[in-house]
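Here is a quick tour of a few spots worth clicking on in the viewer. Load it up and follow along.

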Amino acid sequence: MIPIIDPDFKGLIPPLSDEEREQLEHNILEGGCRDAIITWQGIIIDGHNRFDICTKHGITFGIREMEFDNRDDVLVWIIENQLGRRNLSDAARIELALQKAELLKQKAKQKQIRAGRDRHRAGELNPKTSICQKEPIYVLDAVADDAGVSRGTVHSYAQIQKEGSPQLVEKVKNGEMKIGSAHRLLGKEIIKQLKIADGMYKYIIKNIPIEDDDDTNNAIYQGLYDLQKKLMEVNSWKP
């Protein structure tokens, strides 16, 4: 039976670099496919690159089928398996850990819904049944722990994604630039934006007549305040 490729499962696998792909292909051509392709219900959950290479060159490979209760459990397993790779960038690890956290969050929500239904049914039989309070879940700490980075690094990466240019975000994701370096660069860029905004404000005040309109002045001041606040959040900078 030929294994099936699921786009959602494959999409969780961070791509190999060209060098890594070439090395893997060389190893398989030289020594065969030593590691089995792992599947769930005939769908590949580990070994997509090995499968592609073996299929391309007509090389035989083994298959190891695993059992899981549901699709979400498979997704969590794939993520945890990928987090065990040593060659992932911090950004790739954080991305995977965030996806795992979201999956676990959804699973917990479904579990609470089911538990709520059970408590409701039990309450109909026993009105004195108490309702357990939800315990707080520290998602940021869990993501940092799974990714093997600090909480501050996770926070910095989130800011880079939110405030950084597409080029900067891509460099961080592919490991070309470290998160710390990108975060410092982001801070410098925001300082530059603040100086430009301040210069524009001074030019407007000096050269463009503004009527005595409190709403207009408030809008200008608010825009500068928001930009300054963003600067302080990203770079811990104070005027």
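## Strand β1 and its partners

In which sense do β1 and strand β3 pair, and over how many bridges? The two run parallel, with 3 bridges linking β1 to β3 (residues 63-65). To find the register, look at Thr39, which sits opposite Glu65 in β3. Keep in mind throughout that this is a predicted model.

β1 also pairs with strand β2 (residues 43-46), this time in the antiparallel sense and again over 3 bridges. Here Ile38 stands opposite Asp46 of β2. β1 and β2 make a hairpin with 2 residues between them, and Gln41 in that turn has a positive phi of about 55 degrees.

What about the faces of β1 (residues 37-40): are they covered or open? Both are covered. Ile37 and Thr39 are on one side, Ile38 and Trp40 are on the other, and all of them are buried. As background, side chains in a regular strand alternate between the two faces of the sheet.

## An aromatic pair

Scan the whole structure for aromatic pairs and 3 turn up. One of these is Phe51 with Phe61, an edge-to-face pair at 5.7 Å centre to centre and 80 degrees between the planes. Phe51 belongs to helix α3 (residues 48-57) and Phe61 to the loop between α3 and β3, so the pair ties together parts that are 10 residues apart in sequence.

Are the two rings' residues buried or partly exposed? Phe51 has 9% relative accessibility, so Phe51 counts as buried. Phe61 comes in at 27%, so Phe61 counts as partly exposed.

## Helices α7 and α8

Next, go to helix α7 (residues 151-163) and helix α8 (residues 166-173). They pack at an angle of about 145 degrees, with 8 Å between their axes. On the α7 side the contact is made by Tyr157, Ile160 and Gln161; α8 brings Leu168, Val169, Val172 and Lys173. Sorted by type, the residues of this contact come out as 5 nonpolar, 1 polar and 1 charged.

## A histidine in α9

Last stop: His183, which lies in helix α9 (residues 179-207). Why does His183 count as buried? The relative accessibility of His183 is 14%, and the cut-off for buried is under 20%, so His183 qualifies.

What does the side chain of His183 make a polar contact with? The partner is the side chain of Gln159, at 2.7 Å.

Definitions and conventions:
Residues numbered from 1 in each chain as written. Predicted model: local features only at pLDDT ≥ 70, side-chain atom pairs only at ≥ 80, totals over all residues. Heavy atoms only, no water. Buried < 20%, exposed > 50% of the residue type's maximum accessible area, 1.4 Å probe, protein only. Helix = DSSP H or I, 4+ residues; strand = E, 2+ residues; numbered from the N terminus. Pairing = 2+ DSSP bridges. Axes fitted to C-alpha atoms, helices over the stretch in contact; angles between N-to-C directions. Contact = heavy atoms within 4.5 Å. Nonpolar A, V, L, I, M, F, W, Y, C, P; charged D, E, K, R; others polar. Phe/Tyr/Trp six-rings, centres within 6.5 Å; stacked < 30°, edge-to-face > 60°. Polar contact = N/O pair within 3.5 Å; in protein donor to acceptor, adjacent residues only side chain to side chain.
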